[in-house]
Amino acid sequence: MYNGSNSSYRFDSFPQIASGLASIARGFYLRGWLVGTSGNLSAVVDREPLRLAMSPSGVDKGELRAEQILMIDEDARVVSEHSAKPAAAKPSDESPLHLQIVKGLGAGAVLHTHSIWNTILSDLYAADGGVAIEGYEMLKGLRGVNTHEHREWLPIIENSQDMLALADSIGDTLRKHKDAHGFLLRRHGLYSWGNDLAQAKRHVEILEFLLETLGRTIEIRSIQQRGVAPI
């Protein structure tokens, strides 16, 4: 269960939360993690009743504006929206996945990225059921980790277009791996979360760094084994 903490991304109002989500989306876009309208972001506005600020479907994250963020309830129905947004706007199709993580873990924010490296490794390690990462100093950026000797296990879940069934699979996986800071959907992307937007953002940055490091290490070793000096 995630508890509150002070941060520059912890807000008291929906407009402030929406602004934070839009800012993070633009930053992730510039890093190549949210291209072609991919990815989605959310943050808890209220717990009782549950209200989530959710990125809309089909919007370029590099151009996402705060007024485009929608508020949804625990059934992923839009309950409030900025007046500048057309009535036809709908939240991300993956909203049920965000709600599963928020309800199951008590997370305060959930972020989903589609980087090249997380997509490649989600397929490369699918047969193993997950990716193990250990021995890196950057692991200490994850909540509750205080040594590079930590072994982080990122479960890999088969992708599906049935969002309710996929949400159930995610719930089952997270109950089995309660210490995980994220998971991968096969050939799809990374999900991570935190007790607030700042922590969720940090977790994504750490995990994306580690996944790219792992992928590039595999690449370099493969080149070395072929007797070619890496560039």
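**Figure 1. Phe183 and Trp193, both buried, in a cluster of rings.** In this predicted model, Phe183 and Trp193 are both buried. Together with Tyr191 they form a cluster linked by ring pairs. A pair of aromatic rings is described by the distance of the centres and the angle of the planes, and those are the two values to follow here. Phe183 and Tyr191 are stacked, with 5.3 Å from centre to centre and 15° between the planes. Phe183 has 0% relative accessibility and therefore counts as buried. Tyr191 is buried too, at 0% relative accessibility. Turning to the pair of Phe183 and Trp193, we find a tilted arrangement, with the centres 5.9 Å apart and the planes at 40°. This pair links distant parts of the chain: Phe183 belongs to strand E8 (residues 182–185) and Trp193 to strand E9 (residues 189–194), 10 residues apart. How many aromatic pairs does the structure hold? The count is three.

**Figure 2. Helix H3 crossing helix H5.** Here the axes of H3 (residues 116–124) and H5 (residues 197–225) come within 9 Å of each other, crossing at roughly 65°. The crossing of H3 past H5 is left-handed. On the H3 side, the contact is made by Trp117, Asn118, Leu121 and Leu124. H5 brings Glu208, Leu211, Glu212, Leu214, Gly215, Arg216, Ile218 and Glu219 to the contact. Sorted by class, the contact of H3 with H5 has six nonpolar residues, four charged ones and two polar ones. As a reminder for reading this view, an α-helix has 3.6 residues a turn, so residues three or four places apart point the same way.

**Figure 3. Trp117 of helix H3 and its contacts.** This view stays with the helix pair and follows one residue. Trp117 sits in H3. Is Trp117 buried or exposed? Its relative accessible area is 18%, and because the cut-off for buried is under 20%, Trp117 is buried. Setting aside neighbours within four places in sequence, Trp117 is in contact with Leu211, Glu212, Gly215, Arg216 and Glu219. For Arg216, the C-alpha atom is separated from that of Trp117 by 8.8 Å, while the two residues are 99 residues apart along the chain.

**Figure 4. Helix H2, mostly covered, and the glycine that follows.** H2 spans residues 95–105, and eight of its 11 residues are buried. Which residues of H2 are buried? They are Ser95, Leu97, His98, Leu99, Gln100, Ile101, Val102 and Leu105. After H2 comes Gly106, with a positive phi near 75°.

**Figure 5. Gln68 and its link to the backbone of Arg65.** Gln68 lies in the loop between strand E2 (51–54) and strand E3 (70–72). With a relative accessibility of 9%, Gln68 counts as buried. What does the side chain of Gln68 reach? It reaches the backbone nitrogen of Arg65, at 2.8 Å.

**Figure 6. A cis peptide bond and two positive phi values in loops.** If you like to check backbone torsions, here are three places to look. The peptide bond from Glu48 to Pro49 is cis, and its omega is near -10°. Pro49 is placed in the loop between strand E1 (40–46) and E2. Thr37 has a phi near 70°, a positive value in a residue other than glycine. The loop between helix H1 (14–30) and E1 holds Thr37. With a relative accessible area of 36%, Thr37 is partly exposed. Ala76 is not a glycine either, yet its phi is positive, about 65°. You will find Ala76 in the loop between E3 and strand E4 (78–81).

**Figure 7. The protein chain as a whole, for orientation.** Five helices and nine strands are present in the chain. Read from the N terminus, the elements run α-β-β-β-β-α-β-α-β-β-α-β-β-α. Of the 231 residues in the chain, 48% are buried. Among contacts with a separation of 6 or more, 63% come from residues 24 or more positions apart.

How values were computed: Residues numbered from 1 in each chain as written. Predicted model: local features only at pLDDT ≥ 70, side-chain atom pairs only at ≥ 80, totals over all residues. Heavy atoms only, no water. Axes fitted to C-alpha atoms, helices over the stretch in contact; angles between N-to-C directions. Helix = DSSP H or I, 4+ residues; strand = E, 2+ residues; numbered from the N terminus. Left-handed = near helix turned anticlockwise from the far one by under 90°. Contact = heavy atoms within 4.5 Å. Nonpolar A, V, L, I, M, F, W, Y, C, P; charged D, E, K, R; others polar. Buried < 20%, exposed > 50% of the residue type's maximum accessible area, 1.4 Å probe, protein only. Polar contact = N/O pair within 3.5 Å; in protein donor to acceptor, adjacent residues only side chain to side chain. Phe/Tyr/Trp six-rings, centres within 6.5 Å; stacked < 30°, edge-to-face > 60°.
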